[in-house]
Amino acid sequence: AVPSQDLAWFYAACDLYGYPDLLDRPRLALLEAQACARPVLTMRTTSTQLTVVHGRTGILADDLGEFARQLVSLAGDRARCERMGSAAREYVASYHSIDSRAKQIDDLISAR
């Protein structure tokens, strides 16, 4: 377990965040890693498709074999990780930040 205030340091210490989760559950860690400018490698599920833009902010693998191949590929390509990480930070700021969520809620209320 890591205290919340220290998480950014752990994300900063890695080139990418890999999480081979086969369960279809929303994972806050995927957004945290992207907010820290780290690309995400995880399994393709309904939940992950809502939080990771495949090929832009991370990679969504269809099976564990693909996950392993993509992990090797990403780990050997720092420039790609940096590009995807930058896109990931922008994506989270645009679509998953507190400000963007508040605007979405305000827009929904205004549309009534």
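## Exercises on a predicted model

At 53% relative accessibility, Asp62 falls in the exposed class (buried is under 20% relative accessible area, exposed over 50%, partly exposed in between, with a 1.4 Å probe and protein chains only). The model is predicted, so local features need pLDDT of at least 70 and side-chain atom pairs pLDDT 80 or more, while totals for chains, interfaces and linings use all residues. Residues are numbered from 1 along each chain as its sequence is written, and side-chain values use heavy atoms, without hydrogens and water.

**Exercise 1.** Find the salt bridge partner of Asp62 and state where the two residues lie.

Solution.
- Step 1: apply the rule, which asks for a side-chain nitrogen of Lys or Arg within 4 Å of a carboxyl oxygen of Asp or Glu.
- Step 2: the side chain of Asp62 meets that of Arg44, at 2.8 Å from N to O.
- Step 3: Arg44 is in the loop between β2 and α3 (46–49) and Asp62 is in the loop between β3 and α4, so the pair ties together parts 18 residues apart in sequence.
- Step 4: Arg44 has a relative accessible area of 32% and is partly exposed.

Side chains of opposite charge can pair when their charged atoms come close.

**Exercise 2.** Describe the salt bridges of Arg78 and Arg27, and class their residues by exposure.

Solution.
- Step 1: the rule gives a count of four salt bridges.
- Step 2: Arg78 pairs with Asp15, and their closest N and O atoms are 3.2 Å apart.
- Step 3: this pair links distant parts of the chain, with Arg78 in helix α5 and Asp15 in the loop between α1 and β1 (17–19), 63 residues apart.
- Step 4: Arg78 is exposed at 51% relative accessibility, whereas Asp15 is partly exposed at 34%.
- Step 5: Arg27 and Asp21 form a salt bridge at 2.5 Å, N to O.
- Step 6: Arg27 is partly exposed at 23%, while Asp21 is buried at 13%.

**Exercise 3.** Which residues make up the largest nonpolar core, and which elements each supply at least two of them?

Solution.
- Step 1: a nonpolar core is a set of buried Ala, Val, Leu, Ile, Met, Phe, Trp, Tyr and Cys residues joined through side-chain atoms within 4.5 Å.
- Step 2: the largest has nine residues: Leu16, Leu41, Met43, Ile59, Ala61, Phe67, Leu74, Cys81 and Met84.
- Step 3: at least two core residues come from each of β2 (40–43), β3 (58–61), α4 (64–75) and α5 (78–95). Helices (H or I, at least four residues) and strands (E, at least two) are DSSP runs, numbered from the N terminus.
- Step 4: apart from this core lies another of seven residues, including Tyr11, Ala33, Val52 and Leu60.
- Step 5: leaving out residues up to four places away in sequence, Met84 touches Pro39, Gly55, Arg56, Thr57, Gly58, Ile59 and Leu74 (contact means heavy atoms within 4.5 Å).

**Exercise 4.** Give the order of the elements and judge how compact the chain is.

Solution.
- Step 1: the chain has six helices and three strands.
- Step 2: from the N terminus they run α-β-α-β-α-β-α-α-α.
- Step 3: the radius of gyration is 15 Å, close to the 13 Å of the globule rule for 112 residues, so the chain is as compact as a globular protein of that length. The radius is taken over C-alpha atoms, and the rule is 2.2 Å times the number of residues to the power 0.38.
- Step 4: of the 112 residues, 34% count as buried.
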